[in-house]
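Let's take a walk through this fold, beginning with the sheet and working outwards to the helix and the charged side chains. Keep the viewer open as you read.

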Amino acid sequence: MGLKAKSFITFLYYDRLDDAAEFYGDILGFDLVEDQRWARIYRIEGNAYLGIVAGDKGFHRPQEDSAVLLTLV
């Protein structure tokens, strides 16, 4: 019997968090559900979330090449 996920969060790391927040919140219109100043979580749809994290905080650092591909359908 496998794990049953109820929701998920994809975290992305940015050097310029405020610019990323403007893109996801103001331009794409995702709802901000958690703001920790250095990390913000947006609801994409239902139980799907996107987290953005300041590049100098968290577990990882932003990468210019081959970091991640996020596809929103």
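Start with the sheet: it is open, has 4 strands in the order β1-β4-β3-β2, and its pairing is mixed. The edges belong to β1 (8–14) and β2 (31–35), each of which pairs on one side only. If you look at how the strands sit against each other, neighbours in this sheet are turned by 25° on average, direction ignored. Bear in mind that you're looking at a predicted model.

Now for the pairings themselves. As a reminder, strands of a sheet pair through backbone hydrogen bonds, and they can do that parallel or antiparallel. Here you get both flavours around β4 (residues 48–54): β1 runs parallel to β4, with 7 bridges joining the two, while β3 (residues 39–45) runs antiparallel to β4, joined by 6 bridges. To get your bearings on the parallel side, find F11, which stands opposite G51 in β4. On the antiparallel side, use R43, whose bridge partner in β4 is Y49. The hairpin of β3 and β4 leaves 2 residues between the strands, and G46 in that hairpin takes a positive phi near 55°.

How many of the residues of β4 are buried? The count is 7 of 7, so the strand is mostly covered, under the cut-off of 20% relative accessible area for buried. Both faces are covered: A48, L50, I52 and A54 are buried on one side, and Y49, G51 and V53 are buried on the other.

Next, hop over to helix α1, which spans residues 17–27 and includes A20. Is A20 buried or exposed? A20 counts as buried, because its relative accessibility is 6%. Setting aside neighbours within four places in sequence, A20 is in contact with Y14 and I52. I52 is one of the buried residues of β4. There's also a long-range pair to check in the viewer: A20 and A54 are 34 residues apart along the chain, yet their C-alpha atoms are separated by 9.5 Å.

F23 is also in helix α1, but F23 is partly exposed, because its relative accessible area is 37%. F23 belongs to a nonpolar patch on the surface, together with I27, L28, L70 and L72, and the patch has about 440 Å² of accessible area in total.

Finally, the charges. There are 3 salt bridges in the count. One of them links R16 and D19, with the closest N and O atoms 2.4 Å apart. R16 counts as exposed at 60% relative accessibility, whereas D19 is partly exposed at 36%.

The other story centres on R40. D18 forms a salt bridge with R40, and the closest N and O atoms are 3.3 Å apart. Since D18 lies in helix α1 and R40 in strand β3, this pair ties together parts that are 22 residues apart in sequence. R40 also forms a salt bridge with D35, where the closest N and O atoms are 3.5 Å apart. Put together, D18, D35 and R40 are linked in a network of salt bridges. Their surroundings vary: R40 counts as buried at 14% relative accessibility, D18 counts as exposed at 56%, and D35 is partly exposed with a relative accessible area of 42%.

Terms used
Residues are numbered from 1 along each chain as its sequence is written. This is a predicted model: local features need pLDDT of at least 70, side-chain atom pairs count only at pLDDT 80 or more; totals for chains, interfaces and linings use all residues. Side-chain values use heavy atoms; hydrogens and water are left out. Buried means under 20% relative accessible area, exposed over 50%, partly exposed in between (1.4 Å probe, protein chains only). Contact means heavy atoms within 4.5 Å. Two strands pair if DSSP finds at least two bridges between them. Axes are lines fitted to C-alpha atoms, for helices over the stretch in contact, and angles run from 0 to 180 degrees between N-to-C directions. Patches are made of residues with over 30% relative accessible area and no salt bridge: like charges are joined within 9 Å, nonpolar side chains (Val, Leu, Ile, Met, Phe, Trp, Tyr) within 5 Å. Accessible areas come from the Shrake-Rupley method with a 1.4 Å probe; for residues, only the protein chains shown count as cover. A salt bridge is a side-chain nitrogen of Lys or Arg within 4 Å of a carboxyl oxygen of Asp or Glu.
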